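User: I would like to learn how to read strands and chain contacts in a model. Could you take me through one, step by step?

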Amino acid sequence: MKVMKIDKNDWAGGIGKIQSSYRLYGPVKGDAFHDFKALEKGELPDLNFLNTRISPKSVVYPQSEIMFEYSLDEKNPDHHIMKDAAKDYSPKAILGIRPCDAASFLLVKRNFDTTEYKDPYWIRSYEATTFIGYACNNPCSTCFCTTAGSGPFNEDGLDILLTDAGDCWYAKAITEKGEKLLNAAGWNTIAAGGSLKKIASLKKEAEAKISSLVSTDQLNNKKTTELYEAPFWEDVSFACINCGTCTFLCPTCWCFDIQDENSGCSGVRMKNWDSCMFPLFTIHGTGHNPRGTKLHRVRQRFMHKLKYYVDKYENGIQCVGCGRCIRSCPVNIDIRRVCDMMNSYDPEACACPVK
Amino acid sequence: MQNPYMPYPVRIDEIITETEDRNLKTFKFVFLNPGDEDKFSYRAGQFAELSVTGKGEIPIGIASSPTEKGFVKFTVNKVGLVSSYLHSMKVGEIMGIRGPLGNSYPWDTLEGKNVVIIGGGFAFTTLRSSIVSMLDPANRKKFKDINVIYGARTPGMLLYRDELATWERRDDIKMHITVDAANDPDWKYNVGFVPAITEKKAPKADADTYAIICGPPVMIKFTQPVLDKLGYGHDHIIMSLENRMKCGIGMCGRCNIGKEFVCKDGPVFTLAQLNATPREY
């Protein structure tokens, strides 16, 4: 695929042009952190960031989304019947998404786009989106993408990969969707022959900076029931306060709730993000809760990402190594450590060394 | 793209109070759009989300049989927000149902086999669907002996009492109805807990005999050792699970036991399958 060279002076103009045919989302700095927002006309994304605090999953999958509307007024002939809410699936683009976050959508797609059922909200929104990635020249210390199926220059799930080459941008078109956006932006100067080489060397440098790794090769061979009963869950979950920050920030967490919300004689049925960290997530009407303790819930989070998902799709772990859950956990629970404990768990081994 | 979250609109056609404590009611629904009944084509053992507009949805086993046409029936225990509101609703009111959802009892496997149905309390709804379906003249010859062990706390807590009496009089199904205790001097059936009656009445295990168990956890806990003693293999013990659900289509993430979703991969599992999963139900 073609690589375009974008002169830094042409940057703002191109973004303005993109906005005439796309709803554009990009990183914006708040008080202390960057987060993805819908950009106003003329507003520029701020690419001076390592990664956003919250993943960009809400661009495709809003935290709260109305599915249906209804009337409870019996004078209305269609009262109590669900009606589709109006939706906007016109083209949108997300600029500055990190490669790990873009790859996360491919993992989540396996949940929402299945042979039996298709979630029309997630799929339509995903299909309307063009993903303009931003290669990581300087990964964080908590990044472990290279051993989690992704990487600082990984192209999976991206339509375009932007690389900051110092004096200019290189934009590599990965899909036709990406080429279309580059045309719309008027970024059509083909980069000189050395650009691919330059990108490859930046990639090599960036990958070498990632020092934190996980091993996942044995997860598939472990017995589910043995991992479930492993003694280390007590230790792993001990400090957890079930705040749910990890699942909220995670680009690959997709769990949701469905709620009706009434206002007078009308209302909406909506999907809201939910979290396996909360007791209400699984409690039965009788009061019985199959995941009644925080140990159950912490174990569910890790077993889902690192064992159930691995077994169900046979395509790696449900984690892209972005490191957000590690950076934001108030009690320093580290998925890298848990992953290695699971990967190396041997139920036959004695808990303490025999002398 | 078909929207799996959109319920079919239905009208409540009939409400029957089933038990003496009035906590269980059977709702008979008629589809508002005639074409929707064909789309809602189901097998015994499946469930649906009952959608009470403005309150929410609840996953409930389908109590009517695929052989019964023109309506669908659900028996609902009054427990939480949605089921309590549903209990206050009247004939003629409009709501929705979404489904059918989940797998079903394994009817292909059960064909040509002896079937032992073991039920307790209000978990008899999809078992009723199964019995009505198996006893249909077009289906009865597909199965060998049918035994039904069904227990409740008292005679007044048994579901579908008229139908139970009708089945008692038939010679192509062996009914073993029991109650924990009878306050009725005319009670002419068994007295005792389901596990004890199972031990006495259930046929001996063989390769051609399958047991379907559905009931409260305590009943299952004490019935399983009895079936082990009778020699039932764990792949010949079929169970239907319940868990908290929302989407019913394997996406919202709460009802899983290991990698299996109770809503989509279940709710029916063999005990052999359950032995390989975490017991989070």
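User: Which residue in β7(A) does Ile94(A) stand opposite?

Analyst: Please keep in mind that this is a predicted model. Ile94(A) stands opposite Phe131(A) in β7(A), and this belongs to a wider pairing, in which strand β6 (residues 92-97) of chain A runs parallel to β7(A) and is joined to it by five bridges.

User: With which strand does β7(A) pair over three bridges?

Analyst: That partner is strand β8 (residues 160-164) of chain A, and the pairing is again in the parallel sense. Within β8(A), Leu162(A) is the bridge partner of Tyr134(A).

User: Why is β7(A) described as largely enclosed?

Analyst: In a regular strand the side chains alternate between the two faces of the sheet. Here, six of the six residues of strand β7 (residues 129-134) of chain A are buried, so the strand is largely enclosed by the rest of the structure. Both faces are covered, with Thr129(A), Phe131(A) and Gly133(A) buried on one side, and Thr130(A), Ile132(A) and Tyr134(A) buried on the other.

User: How many residues does each chain bring to the contact?

Analyst: The size of an interface is often given as the accessible area lost when the parts come together. In this case we can count residues instead: chain B contributes 35 residues and chain A contributes 38 residues. On the side of chain B that touches chain A, the elements giving two or more residues are β4 (56-61) and β6 (94-101) of chain B, and β6(B) gives the most, with three residues. That side of chain B divides into 16 nonpolar, twelve polar and seven charged residues.

Note on methods:
Residues are numbered from 1 along each chain as its sequence is written. Chains are lettered from A and ligands numbered from 1 in the order in which they are written. This is a predicted model: local features need pLDDT of at least 70, side-chain atom pairs count only at pLDDT 80 or more; totals for chains, interfaces and linings use all residues. Two residues are in contact if their C-beta atoms, placed from the backbone, lie within 7 Å. Helices (H or I, at least four residues) and strands (E, at least two) are DSSP runs, numbered from the N terminus. Ala, Val, Leu, Ile, Met, Phe, Trp, Tyr, Cys and Pro count as nonpolar, Asp, Glu, Lys and Arg as charged, and the others, Gly among them, as polar. A residue is buried if 20 or more other C-beta atoms lie within 10 Å of its own, exposed if 12 or fewer, and partly exposed in between; C-beta atoms are placed from the backbone. Two strands pair if DSSP finds at least two bridges between them.
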